[in-house]
Amino acid sequence: GDGSPPTFPPVSNKTVSTECSACHMAYPAGLLPARSWTRMMRELDNHFGEDASLSPEETLTISRYLQDNAADSARANDRMRRIAGGIASNAAPLRFTETAYFGYLHDEVPAYVWKRAKIGSRANCIACHTRAETGSFVEREIKIPKD
């Protein structure tokens, strides 16, 4: 790369990386506030329609990592603080795609683009953000699939 820091610190914990990427990209913890991650980890038996239950040890390890690196954590960068600031204090969204910040950044993407086979869902960051798994979401790395 060009040596510029990633947009979000990438997942640096092996348990988080392994378990969370088994079914989808391991999302950077900085995409959501700690209360969202806490809620998510409490509901793993019904994780977006799937049973993603883990051992108590894994659950604790992952929960701690997500909370320590969340958008409203002490480690948060300016972008993460903007994400957290746009979420009502009594809300704990489970999808980054439902945050005001996501909406603001993707407001120019027409609805039909999300329906393309190679994208399929707003949650599929890696479809357009070619280096999303490294925590990098910079504009020059975006490549929107044609189909």
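**View 1. A side-chain oxygen of Asn77 sits at the start of helix H4.** That oxygen reaches to within 3.1 Å of the backbone nitrogen of Arg79. The model is predicted.

**View 2. Helix H4 has a buried face.** The helix covers residues 78-85. Met80, Ile83 and Ala84 are its buried residues. Seen down the axis of H4, they fall within an arc of 95 degrees, so they line one face of the helix. The general geometry agrees: an α-helix has 3.6 residues a turn, so residues three or four places apart point the same way.

**View 3. Asp78 and Gly85 lie on the other face of H4.** Both residues are exposed. The face that carries them is turned away from the buried side of the helix.

**View 4. Helix H5 helps cover the buried residues of H4.** H5 runs over residues 100-105. What covers Met80, Ile83 and Ala84 includes this helix.

**View 5. Cys125 and Cys128 are not joined by a disulfide.** A disulfide is a covalent bond between the sulfur atoms of two cysteines. The cut-off applied here is 2.5 Å between the sulfurs. The sulfur of Cys125 is 9.2 Å from the closest cysteine sulfur, that of Cys128, so the pair is too far apart for a bond. Seen from Cys128, the closest cysteine sulfur is that of Cys125, also at 9.2 Å. A search of the whole structure finds zero disulfides.

**View 6. Cys125 and Cys128 are buried.** Cys125 has 13% relative accessibility and therefore counts as buried. Cys128 is buried too, at 13% relative accessibility. The cut-off for buried is under 20%.

Note on methods: Residues numbered from 1 in each chain as written. Predicted model: local features only at pLDDT ≥ 70, side-chain atom pairs only at ≥ 80, totals over all residues. Heavy atoms only, no water. Buried < 20%, exposed > 50% of the residue type's maximum accessible area, 1.4 Å probe, protein only. Helix = DSSP H or I, 4+ residues; strand = E, 2+ residues; numbered from the N terminus. Arc of directions from axis to C-beta. Contact = heavy atoms within 4.5 Å. Polar contact = N/O pair within 3.5 Å; in protein donor to acceptor, adjacent residues only side chain to side chain.
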